[in-house]
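The following exercises are to be worked with the sequence and the coordinates at hand. Each task is followed by a solution in steps.

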Amino acid sequence: MAASTAGAIGTAPRGSLWQRMERRVLPAFTALAIVYLMVPIAVMIVFSFNEPAGKFNYTWNQFSLDGWLHPFDWPGLGDAVTISLLVALISTIAATILGTMIGLALTRYDFRGRGILNGIIFLPMATPEIVLGASLLTLFVATALPPLRGGVPTLYPTGFVTILIAHIMFNISYVVVTVKARLAGFDRRLEEAAMDLGANEVTTFWKVTFPLILPGVMAAALLAFSLSIDDFVITNFVSGTTNTFPIWIYSIQRNALPVQINVIGSIIFLGAVTLVGLSSIRSGRAARIR
Amino acid sequence: MTAATVPGARPGPGLRGRLGRGVPYLLLAPGLFWLTVFYLIPAIQMFTYSISTGSVETGYSIHLSADAYIEGLSKFGKQFLNSIIYGGLATILTLAIGFPVAYTIAFRGGKYKNMLLFLVIAPFFTSFLIRTISWKILLGDEGPILAVLKHNLGILPGTFSVLGTPVAQVFGITYNFLPFMILPLYVALEKIDFRLIEAAEDLYANRAAAFRRVTLPLALPGVFAGTLLTFIPAMGDYINAELLGSPGTRMIGNVIQNRLLVQNDYPVGSALSFILMAAILVAVALYARLLGTEQLTG
């Protein structure tokens, strides 16, 4: 390109301009971007100590520990949080088991259709959430209308069970991808060594393979849990009158914005940060020992 | 495989021996069953409704009619356009913000790399709705930002507002999907062998030329992945439109949600979802051609 010959003459000043940009401008820009990412979190935490003047926690009024002392003091909030936790827990366990099995099959075995399946497994992740939710709703509705009515179990009106079905569905692909990434760097000779030493396939799996992929499975479970507990778009289509925490926020925010939303949001945030912090400290220590 | 072992070295046939080639299929069966029943069949069901006529009371019958598609496109063209414009703008903004950030973390992060990455994903630990509500607080007409600009500094007129405009909406969408852009960009940039850039400089390319000719092409898969991860959900988003926008800035997601959950109009809601899906597929195909690499996804 012409720029390289032109640049040869003016190399020093142009290079130094670029270098100055890399040294000064980029870090400053990155710091600003991170502030941008953090601001709403800071607002959430700060406003959890507010005592709103009216029903809406929109403007700062006065410092108060009220929300923190009574975190569930709003009709329906406690139930919504309980349902969110239950759905997240059950769907995480189910999706982690189903997804890990698919991940194992895709990485350790050669079978017909593997290539296609490797692509297909991305489809649910590539489908917009709104389409996933909408299509699930049409299926659930169809089970209650002719011609399906009577022929299959009815899943309408929607509620806890349909939320659970949806969450397991959208979590499976994420688990598969996470577990596959972990299995990609897996040294198969470890398994061969175990079998050479007389272990059968089942023993080898539980004594060698499983402990080695466990960190990947745990990471997948953590991801599934956080996706589930925060999901709004899909859940909104399949929840009927059952409230999860995000659905509860959505339905109440038009009439009121209680400080408790910020309190529970902060608790979830701090809990997740602590969990990730602890696990990274542990894995850091494990890496040093190795 | 362990073909080299002496015959009989293993005690008896293993699980693989007994079940033969069935093992992978047994592993796949439960998960694929779930995905078939609750991903594939719903898609088929939705398609069936989109070409059906009827109502919830009478049930639906397939009529092979395109009425729902025609109605959807003619009534909600504006909302589709909003989705494309706002989703597209937000995607461009996340790329413009995300690339320098990912570049800085990958090449200049040093010992702070992990901490910076952690800060990038930290928003995921709070509810998407709460974050959007936080922006509603911040951008409010008498919120902390505008109040200072209006009353303390007097830069803006008292009637100035951001909330309810496309600006606030695009701002919110950009915010929500920024981490989805930064992470794949980071992964792509981090993988670049720095010696390639040094080699370019040894061959008398200055830093800017080395960036343009070496770093940027190698980062393209990350740009591709990040753009898709941002654009696809941004197109279908309806929370930002509802909380930060106004009725005039509604996107197609708002219409789909309204048709299916409020009006119980399954044919039109389904048809709109299919059009959205098709629009996204076309956009992705065009974009892949534009970037001009077939192995982008690899």
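Into which domains is chain A divided? The model under study is predicted.

**Exercise 1. Domains of chain A**

Task: state the bounds of the domains of chain A and the separation of their centres.

Solution. Step one: chain A is divided into domain 1, covering 2–47, and domain 2, covering 75–257. Step two: taken over C-alpha atoms, the centres of domain 1 of chain A and domain 2 of chain A are separated by 39 Å.

**Exercise 2. The contact between the chains**

Task: determine how many residues chain B and chain A bring to the contact, and describe the side of chain B.

Solution. Step one: 77 residues from chain B and 76 residues from chain A take part in the contact. Step two: helix H2 (residues 22–50) of chain B supplies the largest share of the side of chain B that touches chain A, with 17 residues. Step three: sorted by character, the residues of that side of chain B are 53 nonpolar, 17 polar and seven charged.

Task: is Leu37(A) buried or exposed, and which residues does Leu37(A) touch?

Solution. Step one: Leu37(A) has its place in helix H2 (residues 11–47) of chain A. Step two: the cut-off for a buried residue is 20 or more other C-beta atoms within 10 Å; Leu37(A) has 21 and is therefore buried. Step three: leaving aside residues up to four places away in sequence, Leu37(A) touches Leu119(B), Val120(B), Ala122(B), Pro123(B) and Leu178(B). Step four: within chain A, Leu37(A) and Ile261(A) are 224 residues apart along the chain, and their C-alpha atoms are separated by 20 Å.

**Exercise 3. A hairpin in chain B**

Task: in which sense do strand S1 and strand S2 of chain B pair, and which residues are bridge partners?

Solution. Step one: strand S1 (residues 52–55) of chain B pairs with strand S2 (residues 59–62) of chain B in the antiparallel sense, over four bridges. Step two: Ser52(B) has Ile62(B) in S2(B) as its bridge partner, and Ser55(B) has Gly59(B). Step three: three residues lie between S1(B) and S2(B), and the two strands form a hairpin.

**Exercise 4. Spans of two helices**

Task: what span should helix H8 (residues 160–184) of chain A have at 1.5 Å a residue, and where is its kink centred?

Solution. Step one: the 25 residues of H8(A) should span 36 Å. Step two: the end C-alpha atoms of H8(A) are 36 Å apart, which agrees with the expected span. Step three: H8(A) nevertheless has a kink of about 30 degrees, centred on Asn171(A).

Task: repeat the calculation for helix H6 (residues 128–139) of chain B, and state how many of its residues are buried.

Solution. Step one: the 12 residues of H6(B) should span 16 Å at 1.5 Å a residue, and the end C-alpha atoms are 17 Å apart, in agreement. Step two: 10 of the 12 residues of H6(B) are buried, so the helix is largely enclosed by the rest of the structure. Step three: among the buried residues of H6(B) are Arg131(B), Trp135(B), Lys136(B) and Leu139(B).

**Exercise 5. Residues in loops**

Task: is Val162(B) buried, partly exposed or exposed, and which residues does Val162(B) touch?

Solution. Step one: Val162(B) is found in the loop between helix H7 (144–152) and helix H8 (166–190) of chain B. Step two: Val162(B) counts as partly exposed because it has 19 C-beta neighbours inside 10 Å. Step three: not counting residues up to four places away in sequence, Val162(B) touches Leu139(B), Leu146(B), Val167(B) and Ala168(B).

Task: what is the sign of phi at Asn264(B), and is Asn264(B) buried or exposed?

Solution. Step one: Asn264(B) lies in the loop between helix H12 (252–262) and helix H13 (266–291) of chain B. Step two: most residues other than glycine have a negative phi. Step three: Asn264(B) is not a glycine, yet its phi is positive, at about 50 degrees. Step four: with 12 other C-beta atoms within 10 Å, Asn264(B) is exposed.

Terms used
Residues are numbered from 1 along each chain as its sequence is written. Chains are lettered from A and ligands numbered from 1 in the order in which they are written. This is a predicted model: local features need pLDDT of at least 70, side-chain atom pairs count only at pLDDT 80 or more; totals for chains, interfaces and linings use all residues. Two residues are in contact if their C-beta atoms, placed from the backbone, lie within 7 Å. Ala, Val, Leu, Ile, Met, Phe, Trp, Tyr, Cys and Pro count as nonpolar, Asp, Glu, Lys and Arg as charged, and the others, Gly among them, as polar. Two strands pair if DSSP finds at least two bridges between them. Domain bounds come from an automatic or database domain assignment. The expected span of a helix is 1.5 Å times one less than its number of residues. The bend at a residue is the angle between axes fitted to the seven residues ending there and the seven starting there.
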